[in-house]
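Reader: Before setting up any calculation, I would like to go through this model with you. Could we take the fold and the metal site in turn?

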Amino acid sequence: MNIKQITKKVYMSMPEERRDRPIVGIINGMKGVVYFDAGSSQKHAQEIITNAEKLGLSTPSYLIISHSHTDHWFGLIEYQAPSISSRTCKKRTEELARNDWGKTAYEKQVQEGHGSSFLAEILDEEYGKDRSFIALRTPEISFEDQLEIDLGDVTIHCQKINTNHSDDAIVMHIPEEKVLFLGDCLYLRTKSQTDVKKLFEQINPFNAEIFIDSHCPKIMNREEVEAYCMDYVKSLEE
Ligand SMILES: [Zn+2]
């Protein structure tokens, strides 16, 4: 896993499909460093911290969690800085943190249809096969619709987004760098043409030239996001 510099102030760790590790965005501002997501496990977070250090990046001042899916925040416990999410995401992560993630308990949940066998395999790999406990931390600060952090030379603008991938999702915009972190918002669950069009209508107004999807190694420009959405719409035509 390496960390790539995208613009003067924006970096991202590369995603990994096999272990379902999403990107972590790093905004290196004059008055602090903001991370977008925390990594999918303690191991993933430790690798990001080590690699960011090698690039001379300071430890984060704040972490922003994109949504409540485990691959985006299970690594949070590795950091000291305060963490922020949408109010719904905060609530969902708190519910998830109360779950028993120990191997036997989680496998029982999978058998009973409440868990995912794919996630069980990933947890085996990230936390070891004999895990009895997974230490978790949930966001301390939450917001309803939007939040801004002034880092001096760059601004972090978080905006709640209406996507049925997850009802607690946000996107993060850095206007000065013209970058928009999309999280997983493009991965719609119930698919209708209206859902895709509505999603694009929310993304399109952002003044951005670089669009970063959390599981895609390739950054996109506006035309590519639009083409992706329009292809999606076409594929749903009867
Ligand atoms: Zn997700």
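Author: What follows is a short exchange on a predicted model, beginning with the sheet.

Reader: In the open sheet of 7 strands, which strands stand at the edges?

Author: The open sheet has the strand order β1-β2-β3-β4-β5-β6-β7, and its pairing is mixed. A strand with a single partner has one side left without a neighbour in the sheet, and the strands in that position are β1 (3-5) and β7 (141-143).

Reader: Which strands does helix α1 touch where it packs on the sheet?

Author: Strands β3 (residues 25-29) and β4 (residues 32-36) are paired in the antiparallel sense over 5 bridges, with Gly25 having Phe36 as its bridge partner in β4. Helix α1 (residues 42-54) packs on the sheet, its direction making about 45 degrees with that of β1, and the strands touched are β1, β2 (10-13), β3 and β4.

Reader: Is the site of the zinc ion regular or irregular?

Author: The zinc ion is coordinated at 2.2 to 2.3 Å by His67 (NE2), His69 (ND1), His165 (NE2) and Asp184 (OD). To count as tetrahedral, four donors need all angles between 85 and 135 degrees. The angles among the 4 donor atoms run from 90 to 172 degrees, and the site is classed as irregular.

Reader: How many residues apart are His67 and His165?

Author: His67 is buried, with a relative accessible area of 1%, and His165 is also buried, at 8%. His67 sits in the loop between β5 (62-64) and β6, whereas His165 sits in the loop between β9 (155-160) and β10 (170-174). The pair therefore links distant parts of the chain, with a separation of 98 residues.

Note on methods. Residues are numbered from 1 along each chain as its sequence is written. This is a predicted model: local features need pLDDT of at least 70, side-chain atom pairs count only at pLDDT 80 or more; totals for chains, interfaces and linings use all residues. Side-chain values use heavy atoms; hydrogens and water are left out. Two strands pair if DSSP finds at least two bridges between them. Helices (H or I, at least four residues) and strands (E, at least two) are DSSP runs, numbered from the N terminus. Contact means heavy atoms within 4.5 Å. Axes are lines fitted to C-alpha atoms, for helices over the stretch in contact, and angles run from 0 to 180 degrees between N-to-C directions. Donors are N, O and S atoms within 2.8 Å of the metal (3.2 Å for Na, K and Ca); water is not among the atoms, so sites may look incomplete. Four donors count as tetrahedral if all angles lie between 85 and 135 degrees; four count as square planar and six as octahedral if opposite donors are over 155 degrees apart and all others between 65 and 115; anything else is irregular. Buried means under 20% relative accessible area, exposed over 50%, partly exposed in between (1.4 Å probe, protein chains only).
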